[in-house]
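Here's a quick tour of one protein, with its sequence and fold side by side. Have a look at the whole thing before reading on.

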Amino acid sequence: MNYELIAHSFETYFNTKPKFIVRAPGRVNLIGEHTDYNDGFVLPMAIDREVCIAFSPRADDKVRLFSLDLQTDSVFNIHSLTSSHDWGQYPKGVANQLLKAGYDLKGFNGIITGNIPQGAGLSSSAAVELATAKAFSVVSNFEWNAVKMAKISQQAENEWVGVNSGIMDQMASAVCKAGFALFLDCRSLEIQHIPLPKDISIVVLDTSTRRGLVDSAYNERRNQCEEAARWFEVKALRDVSAKEVGDWKVESGLSEVVMKRARHVITENERVLEAIDVMKNGNAKRLGELFNQSHESLRADFEVTNDALNMIVACAREQDSCYGARMTGAGFGGCAVALVDAEKSSAFVKAVETTYQHKSGLEANIYVCKASEGASQVL
Ligand code: GLA
């Protein structure tokens, strides 16, 4: 993003230069979908699209945050937070959770802006949360602990915003390293930075479809996974292997739909572990196959794709330069991700834009992504 322009906007709005600028990225999940809330494995990567806050301390306990993109502000007193039904929920939720964790917070005036499309499955809300946490850490002068801040941001989303999401998005926005994907064990929160295979581009394909009611469908999937875990008598589906399950016959007490949800999660965890191995060996071909299998499992067993996602994935796979493609994020619309021969990525983008538009009548937004750094201070 153009930080000078953001500083300039701050100056226009507040009549003084900002003292600090922080940023936090969105993410694309390479593989490991709907596994995080099953204590499983994920492999996201921070992208070069982010949320940015330019700000200066205030003498009182207020936060005044002006959204450049929405042209509205959110003003709140840190010590008397009330919930609202707007984007201000995210910064307020983070403030609330930081206070609960015992941090002493200071007020600030800020400008917030971003270039992560909303509702596309690229974690724009996690980026707002982590950018807010970063701003508080700078202005209130407390030490930045990336993992702790990811947890606090997730709690803000769960408890204040009321979305029951897992830990993947916040961890990706907080701890990713430029040039690497992040292998995360969502139970222990152990991480490993995994280098991307050489000569490969990660391409995000936004179907430009968005679906409402995502939260209720998401919570329903979570409940079904928990039901399956109870049936298997384990803490979470992470504790079951495909080998133990055998031939996936529907057993008494387990409905077919719950069995399918469990099969997705259990096999997806195994695909993530294999993906780590093949990435370490630079085997793009096999990684692409795992992407394809993941999509099939999300389509047929977890049932979180839509026609547009299935179509854009098919358009991507038609290209010889594509090793594999799958939906990414919660699903029901939003984005897919493809693994593409880097030398041919521009031709890939053009070809998929054309065929997708021809087949669906929709215009896709397709971009080659750079693996970026987690939340940081710019000024
Ligand atoms: C959303 C949630 C994540 C994760 C994904 C699906 O992005 O916020 O926690 O569950 O969906 O993998």
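## Charges

Let's start with the charged side chains. In this predicted model, the protein carries 40 positive and 48 negative charges. Average the positions of each set, and the two mean points sit 2 Å apart.

## Surface and burial

How much surface does the protein expose? The figure comes to about 15800 Å², and carbon and sulfur atoms supply 46% of that area.

As for what's tucked away, 58% of the 379 residues count as buried, meaning that their relative accessible area is under 20%.

## Overall shape

Measure the C-alpha trace along its principal axes and you get spans of about 65 × 50 × 40 Å. The radius of gyration is 21 Å, which agrees with the value near 21 Å that a compact globule of 379 residues would have.

## Fold and contacts

If you're counting secondary structure, the protein has eleven helices and twelve strands.

Now for how the chain meets itself. Take the contacts between residues at least 6 apart in sequence: 71% of them join residues at least 24 apart.

## Two domains

Where does the protein divide? Domain 1 covers 3-196, and domain 2 covers 200-369. Their C-alpha centres lie 26 Å apart.

The two domains also touch: 39 residues of domain 1 are in contact with 42 residues of domain 2. Contact here means heavy atoms within 4.5 Å.

Definitions and conventions. Residues are numbered from 1 along each chain as its sequence is written. This is a predicted model: local features need pLDDT of at least 70, side-chain atom pairs count only at pLDDT 80 or more; totals for chains, interfaces and linings use all residues. Side-chain values use heavy atoms; hydrogens and water are left out. Helices (H or I, at least four residues) and strands (E, at least two) are DSSP runs, numbered from the N terminus. The radius of gyration is taken over C-alpha atoms; the globule rule is 2.2 Å times the number of residues to the power 0.38. Buried means under 20% relative accessible area, exposed over 50%, partly exposed in between (1.4 Å probe, protein chains only). Accessible areas come from the Shrake-Rupley method with a 1.4 Å probe; for residues, only the protein chains shown count as cover. Lys and Arg count as positive and Asp and Glu as negative; His and the chain ends are not counted. The place of a charge is taken as NZ of Lys, CZ of Arg, CG of Asp or CD of Glu. Domain bounds come from an automatic or database domain assignment.
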